[in-house]
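User: I should like to learn how to read the features of a protein model. Where may we begin?

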Amino acid sequence: MIGPLLRNELRMLLRDTRTILIAVVAPVVLVPGYILLTGAVDDRESARLDSATYTWALVGDEIAWGERTVEAALALPADSGEAETIFERTAVMAELDPEAVERRTELADSLLEAGEIQVVVVARQARAEDSLDVATPVLSLRYRSGSDLSRSARGRLENRLERYRETVRDALYASAGFPVDRSDVAVVVDDNVATAAKEGGRFLARFLLPLVVMLMLAGGSIIAADTISGEKERGTLETLLTSAAGRSEIVRAKLLAIIVVGLAVVVVNVANLGLYLTIGILEVPEGLALDLSFGQLGLLVLIFVPLAGLVAAALLLISGFAKSYREYQLYQPVLFLAFLLPSLAALLPGLELQSVVVLVPIAGLSVATGAVLAGGWSLPWGLAAIASTSIAALLLLRWVEIVLSNERLITSASWDEADFRGGAALFPRHVLTWFLTLWVLFFLVSLWFGDALGVRGQIVVNLVGVFLGGSAWLVHRYRLDPVEVLSLRAPGWTSWPAVLVGAPSFLVLGIGVAQLVNTYLFPVPQSLLEAFSEGLTLNLGVLQLLFFLALMPGVLEEIAFRGVLLHGLRRRLASPWIAAIACGAVFGLFHVSLFRIVPTGLLGIMLALVVLRTRSIYPAMLWHFLNNALALVPAELEWIEADVVIPAWGYAVAAAGLVTSFLLLRPAQR
Amino acid sequence: MTTPLHTPAVLVDDLRKSFFEEERGEVPAVDGISFEARPGEVFGLLGANGAGKTTTLRMLSTVLRPTSGSATVMGHDVVTESEKVRQSLGFYSASTALYPRLTARETLEFFARINGYPPSRVPARVDELVDRFGIREYEHGRVEKLSSGMKQKVSIARTIAHDPPVLIFDEPTVGLDVMNAIEMVKVISELKADGKAVLYSSHIMSEVEKLCDRIGILHRGRLLALGTLDELREATGEHYLEDIFVRFVTDESGAAGALPGAFGELESDAS
């Protein structure tokens with residue numbers, strides 16, 4: 001059934017004459033037109049500059065010397081490779097007294113301004129601002145950068161003068177008894193030992209992937225904009241969804257259509273480029289050649305397939321989210337940036353394929369492309385890069401399917417009511433935007449006032465000002481019920497022992513996971529870890545440590561994240577699990593230090609689950625407090641060694657503890 | 001409920017659909033309705049805007065998922081066998097538009113194919129439809145260039161392209177001029193004569209009176225009455241459907257209290 005769906009998409013696109021003309025034909029026709037036109041203009045301009053007569057004037061207090069020098073320089077025959085240029089001294093100045101320096105200068109400047117002459121030679125004594133360490137006369141060339149002729153005159157005259165200087169110098173050497181044949185003087189010439197093909201590979205390694213990404217995005221967009229958001233706008237989506245075609249078939253057909261069109265645009269543009277290079281409209285930069293083996297080509301194809309899939313899935317996703325064409329166009333530049341930035345990874349110096357970068361979709365492929373073309377390719381790491389992008393593509397696809405299954409697609413009317421009624425109904429839709437605002441605030445505080453506030457000051461301002469203040473503002477702004485939002489109710493009593501068991505178990509397992517990741521996935525350099533733990537040493541004393549880093553976060557972060565944020569997410573997202581994960585992700589992002597995002601995110605998910613299971617925020621507060629206290633205090637008091645090794649049975653006990661704890665977390669009996 | 005003469009083509013049992021609303025919590029749009037539709041009959045759902053007609057029909061077309069209860073179309077469950085359900089029905093509403101850049105003929109071919117009509121028989125089927133609805137003249141014209149009457153014909157032909165046993169018409173005459181509305185009613189009678197089970201929703205009494213074998217009166221998500229026009233007349237002592245409808249609805253409102261609030265209607269308006 002995908003066949004007819006795909007054919008239908010492509011047929012409709014091909015019939016959209018205007019889109020095809022503007023998106024595909026216009027660039028193909030306009031680019032050579034533009035190149036030819038600018039080429040022709042350039043040629044005409046340089047012919048004009050070559051055949052022009054350049055008029056010059058001489059001023060200054062060393063006029064006799066200047067006249068000799070310039071005339072002698074102009075008398076030199078034109079060098080090979082230099083166009084024969086006609087210089088002519090202006091006749092206007094001849095009547096003026098050579099001693100009237102200022103009048104001559106004024107007149108020359110006005111002539112230069114009027115375009116009567118192209119360059120004024122000022123012959124004068126060296127001044128302090130010339131930064132010359134000898135007291136010789138100087139020729140200074142005055143010109144008008146706004147005029148092509150004047151600029152060209154300056155350049156040509158300067159060349160002549162430089163060459164004259166060399167001639168004079170050679171003559172001086174000779175007369176002083178140093179017979180100099182110019183060819184005896186060492187001349188420095190670059191000689192790159194890399195072959196032109198290697199250089200070409202290195203050049204391509206940097207720009208190939210970003211180029212393909214941009215072309216894919218631009219090409220895929222032609223059809224993506226139309227494919228779901230367009231169907232919504234025209235009202236054909238319900239027709240399609242009530243047909244027997246399954247959602248996943250519809251999604252796959254649309255994805256294929258985007259890939260086909262995106263690749264077609266890539267091919268058309270690459271072929272176009274090839275054509276210009278072949279017929280000579282464009283020239284290959286000097287010293288570069290392209291010489292790809294079949295093996296390299298095969299690897300590139302292997303790399304571009306998941307790339308095409310990811311680009312297409314992302315385009316389809318924003319098309320699914322957007323209610324209309326216009327909204328799609330709103331998302332598009334953001335998407336372009338989000339893809340372009342990682343695709344430039346190959347430009348970063350020192351980033352190798354054998355590193356964490358393979359886990360980052362697109363960035364991994366960018367570095368892998370570089371490795372294929374410029375050396376450094378490794379099959380397992382390359383495959384890891386391909387896998388990470390493929391997984392991202394599959395996840396996005398699944399997401400598109402969920403979006404298409406969303407009932408709001410069809411029954412949008414019931415949701416638009418929220419716009420009328422405002423208040424609490426709007427909150428779930430706005431909650432993430434508000435947390436983004438809080439996030440920005442949070443960082444501005446650290447950035448601008450970090451030094452002034454000190455550690456304690458920062459903690460207080462962020463926790464009380466940003467988190468508590470922000471939460472209070474949101475509750476007020478959306479007229480939310482604080483008891484409901486913050487889950488201010490008692491949990492089942494078994495939840496308390498559950499927390500006492502769960503928090504230390506979770507912490508132990510967290511250490512285990514961190515070690516596993518550290519050992520097997522991507523080793524974090526020891527120096528970084530040490531620097532990081534030094535940053536945590538605050539010299540606050542145990543009581544203050546407990547207060548600022550355990551009690552305050554335990555209470556206030558729970559109010560903001562497991563209270564306000566989770567309340568909004570739960571009403572926004574279908575499954576409580578997804579809400580918990582999203583809540584954890586946001587929580588992690590607030591602890592931006594790279595090594596803390598993941599562990600904090602996991603803690604955030606766990607705490608969200610605690611709230612969802614107990615329907616109360618208090619156990620999560622206790623858990624959070626215990627977690628922070630246990631992580632900090634024993635190390636601070638040096639009860640344990642910094643690099644304590646937990647035996648395997650320790651992990652087993654912790655796992656059992658966490659499971660028991662989870663089972664014991666209960667809401668209060670009603 | 002009377003014992004069915006034939007196996008029901010559509011069987012709806014205690015079907016419910018709630019939407020979640022922050023201020024009011026779960027709001028029932030369809031609140032436990034049961035009915036059936038048999039081959040060769042037109043079953044009408046009569047109700048005001050927001051009564052739950054569209055929500056019910058969308059659940060049958062599997063676009064919306066029931067909150068509870070069950071529904072089957074030709075024996076297939078709308079939740080677990082949604083694809084087979086969609087294969088056995090044609091869904092027409094004012095909000096099911098056509099692709100503007102396809103020709104009339106391509107539209108019919110496309111929908112016959114994606115609805116699982118045997119590919120080898122598609123051209124013959126399309127020819128049949130083209131003749132039946134008098135589309136021949138403009139079968140190669142793009143839909144965007146057709147008049148609204150022509151579009152309507154193509155749209156109906158599209159709905160039955162795969163010759164489904166069950167047809168759903170959700171407020172099909174909304175926005176149509178008189179002649180087109182009459183044409184629509186005529187087509188539906190023909191489909192009934194072909195032995196199709198037709199589900200028909202409307203708030204226009206005269207159409208329902210003329211067309212429907214059995215009528216369900218839907219109000220605020222609940223089925224207040226169900227029966228043939230004669231049975232309904234008997235139950236209320238009123239002759240005209242309009243009066244029958246008003247009688248049921250006012251009785252219900254009197255019992256339940258105030259009228260629904262301005263934003264109380266969850267269902268999107270089909271018009």
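Analyst: Helices and strands are DSSP runs, of at least four residues for a helix and at least two for a strand, numbered from the N terminus. The model before you is predicted. In chain B there are 9 helices and 10 strands.

User: How many residues does chain B have, and what percentage of them is buried?

Analyst: A residue is buried when its relative accessible area is under 20%. Of the 271 residues in chain B, 53% are buried. C212(B) has a relative accessible area of 9% and is therefore buried. In chain A, C583(A) also counts as buried, because its relative accessibility is 0%.

User: How many disulfides does the structure hold?

Analyst: A disulfide is a covalent bond that joins the sulfur atoms of two cysteines. Over all chains, the structure holds 0 disulfides.

User: At what angle do helix α1 of chain A and helix α3 of chain B pack?

Analyst: An angle over 145 degrees counts as roughly antiparallel. Helix α1 (residues 2-15) of chain A packs against helix α3 (residues 104-114) of chain B at about 155°, and their axes are 10 Å apart. The two helices, α1(A) and α3(B), are therefore roughly antiparallel to each other. Their crossing is left-handed.

User: Which residues of α1(A) and α3(B) meet?

Analyst: From α1(A) come P4(A), L5(A), N8(A), R11(A) and R15(A), which meet E106(B), F110(B), R113(B) and I114(B) of α3(B). Sorted by class, this contact of α1(A) with α3(B) has 4 nonpolar, 1 polar and 4 charged residues.

How values were computed
Residues numbered from 1 in each chain as written. Chains lettered and ligands numbered in written order. Predicted model: local features only at pLDDT ≥ 70, side-chain atom pairs only at ≥ 80, totals over all residues. Heavy atoms only, no water. Axes fitted to C-alpha atoms, helices over the stretch in contact; angles between N-to-C directions. Parallel < 35°, antiparallel > 145°, perpendicular 65-115°, else oblique. Left-handed = near helix turned anticlockwise from the far one by under 90°. Contact = heavy atoms within 4.5 Å. Nonpolar A, V, L, I, M, F, W, Y, C, P; charged D, E, K, R; others polar. Disulfide = S-S within 2.5 Å. Buried < 20%, exposed > 50% of the residue type's maximum accessible area, 1.4 Å probe, protein only.
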